Amino acid sequence: VMLGIAAGLRDKCALGEVILAERVVAYEGAALVGGGKAEARPEIARLEMRVRQDLSSYLSNRMALQTRLTDSYKALGIEFPSEVEAGPVVQGVMPKTATVASGEKLLRDPEKFLGLRELHGKVEVAEMEAAGLFAACASFGKPVLMVRGISDFGDSKKDNRFHLLAAKAAAAVVVDYI
């Protein structure tokens with residue numbers, strides 16, 4: 001299990017929301033083709049079937065999950081501001097599954113972030129470690145789950161309060177999942 005923070009695509013995610021990665025798109029793979037141009041060749045990894053089944057079961061009883069997570073957030077002092085200049089803030093505690101783009105570069109350009117949807121139309125989250133983790137786990141036949149709290153939108157409008165809050169929310173979900 002890997003947990004931490006990530007950037008969410010504006011209008012698809014909210015600050016503080018917790019994401020369970022169902023698929024990881026390693027976006028930096030490419031082929032050099034004629035004329036010195038590069039052609040994108042992303043690697044796409046999906047969760048193993050047994051992890052997908054566990055996640056489906058975990059998310060299926062929404063009322064019980066919401067009650068447990070609400071209690072956990074309260075015990076951990078996780079309280080999201082209702083409104084911030086940086087963008088929309090999560091209104092509940094329910095995690096969701098999403099497709100995550102992963103690469104070596106930190107995204108601070110919303111147009112580049114939005115462009116990742118051309119590689120895979122379901123990309124909603126971007127971060128820098130999942131591609132390596134999923135590749136390593138696949139090499140050794142180990143199941144993997146990545147949980148991220150949304151701390152920003154991959155642009156210049158940051159609110160640093162969300163780093164710790166998003167990380168705590170992701171940790172609360174991991175503990176509850178286990």
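## A strand held inside

Let us begin with strand S6, which covers residues 96–102: 5 of its 7 residues are buried, so S6 is largely enclosed by the rest of the structure. Please keep in mind while looking around that this is a predicted model.

Which strands pair with S6? One of them is strand S2 (residues 18–26), which runs parallel to S6 and is joined to it by 7 bridges. Within this pairing, Arg23 has Thr99 of S6 as its bridge partner. Another is strand S7 (residues 123–127), whose pairing with S6 is also parallel, over 4 bridges. Two places where you can look at that second pairing are Ala101, which stands opposite Ala126 of S7, and Ser102, which stands opposite Glu127 of S7.

## From S6 on to S7 and S1

Strand S7 is a good next stop. How many of the residues of S7 are buried? The count is 5 of 5, and S7 is mostly covered.

S7 also pairs with strand S1 (residues 2–8), this time in the antiparallel sense and over 2 bridges. Here Ala7 is found opposite Ala126 of S7. Ala126 is thus a handy place to pause: Ala101 stands opposite it, and Ala7 does too.

## Rings that meet

Now for the aromatic side chains, where the structure holds 3 aromatic pairs. Take Tyr58 and Tyr177: their ring centres are 5.2 Å apart and their planes stand at 80°, so this pair is edge-to-face. Tyr58 sits in helix H1 (residues 49–60) while Tyr177 belongs to helix H5 (residues 161–177), so the pair ties together parts that are 119 residues apart in sequence. Are these two tyrosines buried or exposed? Tyr58 counts as buried, at 9% relative accessibility, whereas Tyr177 is partly exposed, with a relative accessible area of 22%.

Phe80 and Phe162 form an aromatic pair of the stacked kind, with 6.1 Å from centre to centre and 5° between the planes. Phe80 lies in the loop between helix H2 (62–76) and S6, and Phe162 lies in helix H5, so this pair ties together parts that are 82 residues apart in sequence. Both Phe80 and Phe162 are buried. Tyr73 joins the picture as well, since ring pairs link Tyr73, Phe80 and Phe162 into a cluster.

## Charged partners across the chain

Side chains of opposite charge can pair when their charged atoms come close. In this model the count comes to 9 salt bridges. One of them brings together the side chains of Arg10 and Asp155, at 2.6 Å from N to O. This pair links distant parts of the chain, 145 residues apart: Arg10 is in the loop between S1 and S2, and Asp155 is in the loop between strand S8 (146–152) and H5. Arg10 counts as partly exposed, at 28% relative accessibility, while Asp155 is buried, with a relative accessible area of 7%.

Where does the salt bridge between Glu28 and Lys105 sit along the chain? Glu28 is in the loop between S2 and strand S3 (30–33), and Lys105 is in the loop between S6 and helix H3 (110–115), making this a link between distant parts that are 77 residues apart. The closest N and O atoms of Glu28 and Lys105 are 2.5 Å apart. At 30% relative accessibility Glu28 counts as partly exposed, and at 55% Lys105 counts as exposed.

## One more bridge, and a network

The side chains of Glu129 and Arg148 also meet in a salt bridge, at 2.8 Å from N to O. Glu129 lies in the loop between S7 and helix H4 (130–139) and Arg148 lies in strand S8, so the pair ties together parts that are 19 residues apart in sequence. What sort of surroundings do the two partners have? Glu129 counts as partly exposed, at 41% relative accessibility, and Arg148 counts as buried, at 4%.

Finally, there is a charged group to pick out by eye: Glu17, Lys96 and Glu124 are joined into one network by salt bridges that share partners.

Conventions. Residues are numbered from 1 along each chain as its sequence is written. This is a predicted model: local features need pLDDT of at least 70, side-chain atom pairs count only at pLDDT 80 or more; totals for chains, interfaces and linings use all residues. Side-chain values use heavy atoms; hydrogens and water are left out. Buried means under 20% relative accessible area, exposed over 50%, partly exposed in between (1.4 Å probe, protein chains only). Two strands pair if DSSP finds at least two bridges between them. Rings of Phe, Tyr and Trp (its six-membered ring) pair if their centres lie within 6.5 Å; planes under 30 degrees apart count as stacked, over 60 as edge-to-face and the rest as tilted. A salt bridge is a side-chain nitrogen of Lys or Arg within 4 Å of a carboxyl oxygen of Asp or Glu.
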